[in-house]
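Reader: Please walk me through the packing of this model. Keep it brisk.

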Amino acid sequence: AAAAAAAAGVCDGGDAALFLSMMARFFSSCFEDDDGSDDDDDDDDDTEDDEEEKGGNHQSTQAVRPTARSTTRLSIQEVDDDEEEEEEGEAEDRKEQRQHKQDVIPPEIAAALQEANDRKSEASKLYKQSQYDQAVKILKSAAVKLQKHHDPNQHSEVVQTTIANLLGTLHANCAACYGQSNRYDEAVNAATLAVESAPKSPSKPKWLLRRGQAYEALDRHFEALEDMIKV
């Protein structure tokens with residue numbers, strides 16, 4: 001209105017009317033840009049935003065749900081793993097118990113081992129007194145009795161190894177007695193029995209050395225050298 005009045009002051013009546021008509025059309029066109037259609041567009045935008053937000057929330061919920069299920073599956077898997085470990089541990093314990101039972105020396109075997117050790121100690125005293133023939137008799141008798149219990153199919157490996165090692169020692173001590181009596185052929189045979197009775201014994205090198213010395217005394221140098229090399 002102020003602009004219209006100013007225009008009226010500077011323009012004549014016809015020009016003023018024309019000016020006002022042009023201004024009216026101008027303002028009318030400006031209001032059309034801000035009418036309800038634009039508001040509807042805004043409402044549509046708001047609706048779309050709401051739907052997008054809802055959709056986003058729905059997607060977020062869907063994204064969370066698998067996580068919850070994954071957590072549940074993980075917990076179940078952990079429980080299963082624990083149960084498997086417990087079962088494996090129990091199986092291992094049962095295996096150890098069975099092995100322990102197998103490794104326990106039966107009373108009759110323990111008695112035979114004790115008797116053989118007693119005879120060995122007795123023969124050792126006789127050996128120190130140079131009573132070699134008497135020591136050999138005691139050692140051979142103990143070996144025969146102990147040999148009856150040497151059955152790999154009857155007892156565990158631990159029990160049989162214990163028996164075998166003691167048998168080897170009895171025969172090796174016989175070889176020592178024969179060697180001191182200059183009975184070298186018999187010393188070779190006794191030492192051979194020792195090696196054959198307990199081939200994995202830690203005393204095997206000493207038994208081979210004893211047999212090698214007997215071979216050397218018999219001038220069987222090649223056999224003596226073989227045993228010495230093995231030692």
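Author: Patches first: they are made of residues with over 30% relative accessible area and no salt bridge, like charges being joined within 9 Å and nonpolar side chains (Val, Leu, Ile, Met, Phe, Trp, Tyr) within 5 Å. A salt bridge is a side-chain nitrogen of Lys or Arg within 4 Å of a carboxyl oxygen of Asp or Glu. Areas come from the Shrake-Rupley method with a 1.4 Å probe, and for residues only the protein chains shown count as cover. This is a predicted model: local features need pLDDT of at least 70, side-chain atom pairs count only at pLDDT 80 or more, and totals for chains, interfaces and linings use all residues. Residues are numbered from 1 along each chain as its sequence is written, and side-chain values use heavy atoms, leaving out hydrogens and water.

Reader: Which residues make the nonpolar surface patch?

Author: The patch covers about 220 Å². One member, M228, is partly exposed (between 20%, under which a residue is buried, and 50%, over which it is exposed; 1.4 Å probe, protein chains only). The patch is made by L209, M228 and V231.

Reader: Which helix gives the most to the largest nonpolar core?

Author: A nonpolar core is a set of buried Ala, Val, Leu, Ile, Met, Phe, Trp, Tyr and Cys residues joined through side-chain atoms within 4.5 Å. The largest has 30 residues. Helices are DSSP runs (H or I, at least four residues), numbered from the N terminus. With nine residues, the top contributor is α6.

Reader: Which residues does I163 touch, leaving out those up to four places away in sequence?

Author: I163 is among the residues with the most contacts inside the largest core. Contact means heavy atoms within 4.5 Å. The partners are I109, L113, L146, H149 and H150.

Conventions:
Helix = DSSP H or I, 4+ residues; strand = E, 2+ residues; numbered from the N terminus.
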